[in-house]
Amino acid sequence: MGNYALADTYFNEALERFKMEGDDQKVMYTVLNIGILRFESGNWLQSGVFFEEALKLAREVNDLDVEASALVSLGLLEIGNGNFERGFEKIALSAGIDENQNSTEREIKLPPAPLIPELYQYWQDKYSELVGTSGRKVL
């Protein structure tokens with residue numbers, strides 16, 4: 001277990017410095033990391049505030065990776081009807097800290113990707129060969 005208080009202090013110092021420099025990208029990543037730190041230290045409500053802010057900043061600079069990270073940290077993933085052969089009609093990701101706040105939602109359709117189950121099985125087989133049944137790496 002790490003020293004969350006010290007890490008939080010360093011992250012907040014960095015956040016202030018990046019804000020003064022006007023580096024929106026670093027501000028966005030630092031806000032996301034503070035959210036992760038707060039979540040890991042058990043401050044779930046506080047983490048949600050930072051994830052919401054990271055989501056807002058990511059959308060402002062059109063950073064889809066940080067947007068997805070913030071949404072996943074906040075939200076619920078709902079997979080609608082479909083499969084890898086036909087595609088999925090609806091994938092919905094909704095985010096919100098609690099029921100009293102407006103929820104952010106994004107819906108997409110995923111096209112067919114019939115190779116995914118085969119590739120996943122291939123990965124599982126290779127992983128099992130590497131770690132064996134014990135879950136430890138075989139040398």
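Student: Where is Asn 62 found?

Tutor: Asn 62 is in the loop between α3 and α4. The names count DSSP runs from the N terminus: helices are H or I runs of at least four residues, strands are E runs of at least two. This is a predicted model, in which local features need pLDDT of at least 70, side-chain atom pairs count only at pLDDT 80 or more, and totals for chains, interfaces and linings use all residues. Residues are numbered from 1 along each chain as its sequence is written, and side-chain values use heavy atoms, with hydrogens and water left out.

Student: Why is Asn 62 called exposed?

Tutor: Relative accessible area is computed with a 1.4 Å probe on protein chains only; under 20% is buried, over 50% is exposed, and in between is partly exposed. Asn 62 has 59% relative accessibility, so it counts as exposed.

Student: What is the phi of Asn 62?

Tutor: Phi is near 55°, a positive value in a residue that is not glycine. Most residues other than glycine have a negative phi.

Student: What makes the pair Glu 53 and Lys 56 a salt bridge?

Tutor: The term requires a side-chain nitrogen of Lys or Arg within 4 Å of a carboxyl oxygen of Asp or Glu. For Glu 53 and Lys 56 the N to O distance is 3.8 Å, so the rule is met. Both residues belong to helix α3 (residues 44-61) and are three residues apart, about one turn of the helix.

Student: What other partner does Lys 56 have, and how do you know that the pair qualifies?

Tutor: Lys 56 also forms a salt bridge with Glu 60, where the closest N and O atoms are 3.6 Å apart. These two residues of helix α3 are four residues apart, again about one turn of the helix.

Student: Why is Lys 56 called partly exposed, and how is Glu 60 classed?

Tutor: Lys 56 has a relative accessible area of 43%, so it falls in the partly exposed class. Glu 60 reaches 53%, and therefore counts as exposed. Glu 53, at 31%, is partly exposed.

Student: Which salt bridge does Glu 67 form?

Tutor: Glu 67 pairs with Arg 59, the closest N and O atoms being 2.9 Å apart. Glu 67 is buried because its relative accessible area is 4%, while Arg 59, at 33%, is partly exposed. Elsewhere, salt bridges with shared partners join Glu 53, Lys 56 and Glu 60 into one network. The count for the model is six salt bridges.

Student: Why does Arg 38 count as buried?

Tutor: Arg 38 has a relative accessible area of 13%, so it is buried. Arg 38 is placed in helix α2 (residues 24-40).

Student: What makes the pair Arg 38 and Asp 8 a polar contact?

Tutor: A polar contact is a pair of N or O atoms within 3.5 Å; within protein, one must be able to donate a hydrogen and the other to accept it, and residues adjacent in sequence count only if both atoms are side-chain atoms. The side chains of Arg 38 and Asp 8 are joined at 2.9 Å, so the distance limit is satisfied. Contact, by its own definition, means heavy atoms within 4.5 Å. Beyond its neighbours within four places in sequence, Arg 38 has contacts including Asn 12, Trp 44 and Phe 50.

Student: Why are α2 and α4 called roughly parallel?

Tutor: Axes are lines fitted to C-alpha atoms, for helices over the stretch in contact, and angles between N-to-C directions run from 0 to 180 degrees. Under 35 degrees is roughly parallel, over 145 roughly antiparallel, 65 to 115 roughly perpendicular, and the rest oblique. Helix α2 and helix α4 (residues 64-74) pack at about 20°, with axes 11 Å apart, so they are roughly parallel to each other. The residues making the contact are Met 28, Tyr 29 and Leu 32 of α2 with Val 66, Ser 69 and Ala 70 of α4.

Student: How is Ile 79 classed, buried or exposed?

Tutor: With 53% relative accessibility, Ile 79 counts as exposed. Ile 79 is part of strand β1 (residues 75-79). Its contacts, leaving aside neighbours within four places in sequence, are Phe 88, Lys 90 and Ile 91.
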